[in-house]
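Hello,

I'm handing a structure over to you today, and my notes on what turned up in it follow below. Could you have a look at the sequence and the fold first, and then read on?

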Amino acid sequence: MEMHQARYFVALSETLNFTRAAEKCNVTQPSLTRAIKLLEDELGGPLFNRERNQTHLTELGRMMEPHLREVIDQARSARAKARSFFALKTARLKLGVARGVSFHVLDDTLRQFVAAYPDTELALHDERPVELREALRRGDYEVVLLPQRSHDLDDLHYYPVGEERPFAILPAAHPLAALEVIPLAPLADQPLVCGDGCPFWEAADRAFTDAGLGVVPRAIATRAEWLLDLVAAGVGVGVAALPADLPLGLVTRPLEGAALTHEINLTTKRGRLYSPPVKAFVDLALKPRPRPQPAASAA
């Protein structure tokens, strides 16, 4: 059964006239008659009694009518949903964020996206960077936020959208809080708290190792807020990306070493077409931002 056959059937059941039904469907009468005959052959019997002055539904036709009308209604509904999706009326943007990465580098993009497409649902999910890459390749995500790109050629596109580096998070009364920048050696003597699978802890751990400092975290938190809770409870000094909201009584200090800086990348799969919400989001994220103009000097 083809969609146009169902459409011709519904038109004929409403007009009970082959000529008017053909006009309603904008086809020739022979084309409509042939389509109805093929539909009858497929369903195994006549759907209409064709009499000289009257056409009416057979018992089989009356039985089939609600089903074929439902086919037409479902097709209309599907087309309406598709139009709504492409107009970003009922769309959903699913963004994967690597665990430990703050998406504040996309704050402006997210604000603009929500303002421009208020009917689009926004879903944020966090996973380990390695897991996110594989999920992206499987098609579970179309776009993810990763803390670094692969140094080898791979099948992903990396679009830099900002930079982050690990910070020490500690109580304001902690002795190390008096320093503007914390060297690695005194930090290694502290009990440390890190995030589970956090790429910024991995960078700090490599820096400790390169400096000949062996460090094992006292606690590992699977959520950013738990890491802050552990630091506030006095369990240790946190090592993580700069948190967006810092609880009262805690402060952050940068760690010594430029090599700790990470490029943050919006990442997509090479060769894969973007869905409408992802295209709109990526276009906003990569749109050049106006540079602030220097203040005019007083005459």
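**Two loops with positive phi**

Asn 26 is found in the loop between helix H2 and helix H3 (29-43); helices (H or I, at least four residues) and strands (E, at least two) are DSSP runs, numbered from the N terminus. Before going further, please keep in mind that this is a predicted model, in which local features need pLDDT of at least 70, side-chain atom pairs count only at pLDDT 80 or more, and totals for chains, interfaces and linings use all residues. Residues are numbered from 1 along each chain as its sequence is written, and side-chain values use heavy atoms, with hydrogens and water left out.

Back to that loop: Asn 26 has a phi near 60°, a positive value in a residue other than glycine. Its relative accessible area is 70%, so Asn 26 is exposed (over 50%; buried means under 20%, and partly exposed is in between, with a 1.4 Å probe and protein chains only).

A positive phi turns up at Leu 16 as well, at about 50°, although Leu 16 is not a glycine. This residue sits in the loop between helix H1 (3-15) and helix H2 (18-25). With a relative accessible area of 35%, Leu 16 is partly exposed.

**Salt bridges**

How many salt bridges are there? The count comes to 19, where a salt bridge is a side-chain nitrogen of Lys or Arg within 4 Å of a carboxyl oxygen of Asp or Glu.

One of these pairs is Arg 69 with Glu 14, whose closest N and O atoms are 3.0 Å apart. This pair links distant parts of the chain, as Arg 69 is in helix H4 (residues 59-86) and Glu 14 in helix H1, 55 residues apart. Both ends have some access to the surface: Arg 69 is partly exposed because its relative accessibility is 26%, and Glu 14 is partly exposed at 41%.

Another pair is Glu 134 with Arg 137, with 2.8 Å between the closest N and O atoms. Both residues lie in helix H6 (residues 129-138), 3 residues apart, about one turn of the helix. Glu 134 has a relative accessible area of 40% and is therefore partly exposed, and Arg 137 is partly exposed at 26%.

Arg 137 has a further salt bridge with Asp 154, with the closest N and O atoms 3.9 Å apart. Since Arg 137 belongs to helix H6 and Asp 154 to the loop between strand E5 (143-146) and strand E6 (156-164), this pair ties together parts that are 17 residues apart in sequence. Through shared partners, salt bridges join Glu 134, Arg 137, Asp 154, Asp 155 and Lys 269 into one network.

**The largest pocket**

The largest pocket holds about 720 Å³ of space. Of its 29 lining residues, the closest to the centre are Gly 100, Val 101, Ser 102, Ala 224 and Glu 225. Which elements give two or more residues to the lining? They are strand E3 (92-98), strand E4, helix H9 (224-232) and strand E10 (237-241). The largest share, 4 residues, comes from H9.

(On a 1 Å grid over the protein atoms alone, a pocket is an open set of points where a 1.4 Å probe fits, with protein on both sides within 12 Å along at least five of seven lines; lining residues have an atom within 4 Å of a point.)

**Two buried residues**

Phe 208 is in helix H8 (residues 199-210). Is Phe 208 buried or exposed? Phe 208 is buried, because its relative accessible area is 0%. Its C-alpha atom is 7.6 Å from that of Ala 188, and the two residues are 20 residues apart along the chain.

Ala 98, in strand E3, has a relative accessible area of 1% and so is buried. The C-alpha atoms of Ala 98 and Arg 133 are separated by 9.4 Å, with their positions 35 residues apart along the chain.

Happy to talk any of this through.

Best wishes

Terms used: Points joined across faces, edges and corners; volume = space filled by probe spheres on them.
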